[in-house]
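I am opening a notebook on this structure and will write down what I look up, entry by entry.

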Amino acid sequence: MRIVIDMQGAQASNKNRGIGRYSLALAKAIVHNRNNHEVLLALNGIFEDTIEFIRAEFYGLLPQENIRVWNMPAGVSYNKPNVSKRKSAEMAREAFLAGLKPDLIHVTSLFEGLGDDAVTSIGAFTRNIPTSVTLYDLIPYIYQKPYLENSVVRPWYLEKIDHLRRADLWLAISESSRQEGIEHLALSDEFSVNVSTDADSQFSAVELTDEQGLIIRNKYQLDRPFVMYTGGIDHRKNIEGLIRAYAQTPEVIRDAHQLAIVCSIQPEMEKRLLDLVFEQGLNKTDVVFTDYVPEEDLIQLYNLCSLFVFPSWHEGFGLPALEAIRCGALVIGANTSSLPEVIGLDEALFDPHSNDSMARMIEKGLTDTAFRQRLSSHLKQQSELFSWDETGKRAIKAMESLYEKEQGVASKVNLTKPKMAYVSPLPPEKSGIADYSAELLPALAEFYDIDVIVNQQVVSSEWINKNCSIRDVDWLINNSGMYDRVVYHLGNSTFHEHMFGLLQQIPGVVVLHDFYLSGIIAHMDVHGSEPGLWNRSLYHGHGYKSVKERFEAKDTADIVWKYPCSLDVIQQSLGMIAHSPASLDFAKQWYSCDTSEWRVIPLVREPNITPDITQARERLGFAEDDFLVCAFGVMGPTKLNQELLDAWLMSQLVKDRQCHLIFVGENHPGDYGKKLLATIKKNNLQNRVHIAGWTSPDTFRDYLISADLAVQLRTLSRGETSAAVLDCMNHSLATIVNANGSMAYLDDNAVCKLPDEFSVEQLTQSLEYLRNNDDERHRLGVNARRLVLTQHTPEKCADKYHQAIEAFYSRTSAHPHSLIKALGVNLDKSITSSELAEWAAYIARNHPVKDKAKQLFVDVSELVKQDAKSGIQRVVRSILKHWFESPPEGYRVEPVYASEHQGYRYARRFTLQFLGCPAEALHDEPIDYATGDLFIGLDLHPQVQVSQRSFYQELRRAGVKVVFTVYDLLCVNMPQFFAPGAKEGFERWLEVVAENDGAVCISKSVSDELADWLSEQKLSRLRPFKIDWFHLGADVNNSLPTKGLPENAGQVLSELQERESFLMVGTIEPRKGHAQVLDAFDLLWSEGKQLNLVIVGKQGWMVEDLVSRFRSHPELNKRLYWLDGISDEYLEKVYAASNCLIAASYGEGFGLPLIEAAQHKLPIIAREIPVFREVAVEHAFYFQGFDAKSLAGSIKQWLALYQERQNPFSEEMAWLRWKDSSAAMLQKVIN
């Protein structure tokens, strides 16, 4: 059972009251005890501030994907003049809930929305989903004076009462509330259930030190032991009665105690109550009004009080009494409504309408030691009767009982036939679907008043012309509102071209005769009726990979054959009908569709056959004693005709002159057909192996009647169902098939079934066996005919169609088309275009496209703007490339981008260019996100990402996980190396990162630094922030390397090889240590050392003086080389020509040049910093100094080791390929 819980009770104005706490606790209890039931929580997106709190409350208890958020325009509260808008919001909410496909909806609080934008209703739009409601009390209904005297409150409350009556199950919080519902509203006794309640676990006895007790007493001006009340302040709470009763207690008691009224109180009420205090002869210190107290203080007060009194006339439960009991307080209360259930001891109850009764009980509770002992002992036992766990179990048990009852209720029978638009080709069109419809329609007309919708000039069926109105496509477009049901019969041919546009405008049930629709989709694109349709269908259904393959294909027919392109049709339908489970397998294989609601209805076959085999054989020219083996259908490679011919030639049948092999269908027009003819001729079998070609329906039937054995083989099925096989079975023919596609699901007792990939020898054996075994042929034929009679007759199939169509239409309230139609009637006609656009956006958000793969949004905002060829962008390019090649299971990779002034959009044009395809094949559009999607900030663009801060939270509220890649924290940890303001700007970006779900860092060192930074910030979070790390890849050839060599490349490389060359790779910026290295080499050159220093990198920031020094250096292009912004191709050659890499950075996120050096077996001199140790481990020579002399000394020390081959070798350094790095990052992000 799927239970959907409307959580507005924990979101709206009651969220901080008992109703809010009860709603949250009950939902948790149901989740804890759900067993095999599925639970979803539905949240109102208007209450943004509550969503993260509720998600956090259920973190680890319920998958975050099971928390769904619905949206609607604001301003729908009852106290505003907006009836139309409010009613529309009720419809939108119910449509959203229906879209979650619940077996039962539970409303945590129905009485919401008077002064805020909570929306609750039952039966405003959907009336067929069982609904339960928490029943707290009916106090305003029972005491309409004074509660319903307000002219706004009264109609609101009574309207909610009307909705309450429409519920199917009422979960009362006490037996008292249950009885109120039965007595005052005539609710069902059976389905009014007391599930009770409990106090939250924090309400418990605590040991307070004397000092703690004194602090809390002083805080609330309690200078002696006190009697306590907490709860509401309205008149039924009987605060006035409590004050009067307290005033009647003996003076000795009042001198020794105070009365503490612990609750929020308005100034005017406090004044009124103080007047009563003085009127009763009490002074200001006798009665203390604490006003609001935080929960922590409330628990301490419960633990400190001498007696807790609950004098209310009427309660739904009386939660403060139970909270006090749990905290160890002695509790007395009124003997009315639910309080006797809570306290459970008659001698602790009093008449709340009698001041004397209450006063005596207060005196007894403070002075009667024996009574206090009895009460204490009793309350400890009493408290054990209440348990959220037990409440949750009771609620689920009640829901199960209702569900079982609803399952047994028969569907209502329509007294009049629904009006149906039946969209299909019809005879005389040369389409199997046309013939199929002609057979089905007479039987289907028993259930529906049918108009056929055609795109043809003539319909030749006599029955259809007499019994159906024949309408064209324009008629349906202009009159769609008159039809109760719309059914489309879709196949992969031009007969169905008009249906794709119709289905978009007028949703209906789709009968999918061919799972692969790529043929007609490509035809519509290529021939101009729908330009670009094929690209869109490939992208939508199969992702960028399929679009890339289309543009790279030598023969686009291969792509037509490979990809079905049927997802759009599946998503637009109100329900899907297929003829075989094979189509359901394809739907799951290609689109991960939930096919649980698909219906499989077999092909129709008219059983009334009057065969005359003698006359049929005479017409065909065969003798009575000939043995005819027939294969029916158009010939071609997928029909395995060559395999059948080969098996025939290997069998004993080829030697029997009475045996004939007949292909009843048109021969393949290409080489395949020519090969068949050549084989027949070569074996001199023209008189016994026949290709009948295309035949008339009568001749086709003659072959079916005349055949002794049929062979129907297939390979590479595309979801179609073989009508020819059923024709054979209908004619009681023993039929050999292979287990391919739909034929795999045929009854083994009705056909001779070979494996899908059978051998010619297996087929030969089957031919010979059935040729020689009359009894077996007879048995198979009888079973086949019986199967057709029991499952395939028009009457049987029409009944299944009726059941399926009605089931689909019973759920149409979940379809946005139905909601849009209803809103069109309900919304005020003065609504503005901007308001309509707002409604449209919310409907789209509330009803994500069904069977849509989860999306992995990859932020490439900087790369879309420009490829700066930085290290980060190399990472982005490399990871993106591999994610496209190996997308995560269940996700489609979607690069996206934003700017500081525009929200995120799909980067389709960029992506196509990235993949080498024409950019204009697809268009960029705003992203469409849904629960379960994943956003990864792969590219670094702090300005954009800070500007999109609120959008990331919008994503998270909607159930999208948001994770960022952190490359380093250098701006923060080494601000001296960056421009003024860089640290502050980067920390603003880090704050954005920290608000989301996690970060994946490019090294453990960076992850440690990020964890330290977060710890220092002491940021407040409700859900955990997860930090993980991975290592970058280093195989340049798989990172989309840049190409190109300058004219002088050969000369430079030659000069580098003339002497030991030391290489530095990276942008020239202060932290990279270039200045220290150059100073060190100046010292070495001054000592006569013949060494080259090669610097590869673009000019960065704050290095103007250093760059001037490079350009004016006397060794430039002699022993000092600066290669500015060279290609990856050139860099590879520079690595190969060098002898050692110097990594002198003061800080790095990873240190990719170390890995690249190791790939070239290049030794490394590296500064002693954590990340270089993490990457290179013991495979580098490390230095520590910060001056030229110490580094020069380290280089000389390394040279000495190098001469003796004693230096550390880098080639054994561990490193990842980009393929592995990308996969590792993906695993970290998803998990």
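Entry 1, lining of the largest cavity. I sorted the lining residues of the largest cavity by character and got four nonpolar, two polar and five charged. The model I am reading is a predicted one. I then listed the residues by name: Y78, R86, E90, E112, G113, A118, V119, T120, W156, E159 and K160 line this cavity. Two elements, α3 (83-99) and α6 (153-166), give two or more residues each to the lining. I noted α6 as the element that gives the most, with three residues. For the volume of the largest cavity I wrote down about 60 Å³.

Entry 2, the count. I asked how many cavities of 30 Å³ or more the structure holds. The structure holds two of them.

Entry 3, the second largest cavity. Its volume came out at about 50 Å³. I found G18, R21, Y22, T197, D198, A199, D200, L319, E323 and W388 in its lining. Sorted by character, the lining residues of the second largest cavity are four nonpolar, two polar and four charged. At least two lining residues come from each of α1 (18-32) and α13 (319-326). I recorded α1 as the source of the largest share, three residues.

Entry 4, domains. I looked up how the chain is divided and copied six ranges: domain 1 (2-194), domain 2 (210-385), domain 3 (419-600), domain 4 (613-792), domain 5 (854-1029) and domain 6 (1048-1215). I also took down one distance, 80 Å between the C-alpha centres of domain 2 and domain 6.

Entry 5, nonpolar cores. Before turning to the cores I reminded myself that in soluble globular proteins nonpolar side chains tend to be buried together. The largest nonpolar core here has 191 residues. I marked I450, Y488, M729, W883 and F935 as the residues with the most contacts inside this core. Which helix gives the most to this core? Helix α35 (residues 794-809) does, with seven residues. Apart from that core there is a second, separate one of 148 residues, and I noted M1, I30, L259 and L819 as being included in it.

Entry 6, one residue from the largest core. I picked W883, one of the residues with the most contacts inside the largest core, and asked which residues it is in contact with once neighbours within four places in sequence are left aside. W883 is in contact with L856, V858, V893, I936, L938, S1222, M1225 and L1226.

Notes: Residues are numbered from 1 along each chain as its sequence is written. This is a predicted model: local features need pLDDT of at least 70, side-chain atom pairs count only at pLDDT 80 or more; totals for chains, interfaces and linings use all residues. Side-chain values use heavy atoms; hydrogens and water are left out. On a 1 Å grid over the protein atoms alone, a cavity is a set of points where a 1.4 Å probe fits but cannot get out, and a pocket is an open set with protein on both sides within 12 Å along at least five of seven lines; lining residues have an atom within 4 Å of a point. Grid points are joined across faces, edges and corners, and a volume is the space filled by probe spheres set on the points. Helices (H or I, at least four residues) and strands (E, at least two) are DSSP runs, numbered from the N terminus. Ala, Val, Leu, Ile, Met, Phe, Trp, Tyr, Cys and Pro count as nonpolar, Asp, Glu, Lys and Arg as charged, and the others, Gly among them, as polar. Domain bounds come from an automatic or database domain assignment. A nonpolar core is a set of buried Ala, Val, Leu, Ile, Met, Phe, Trp, Tyr and Cys residues joined through side-chain atoms within 4.5 Å. Buried means under 20% relative accessible area, exposed over 50%, partly exposed in between (1.4 Å probe, protein chains only). Contact means heavy atoms within 4.5 Å.
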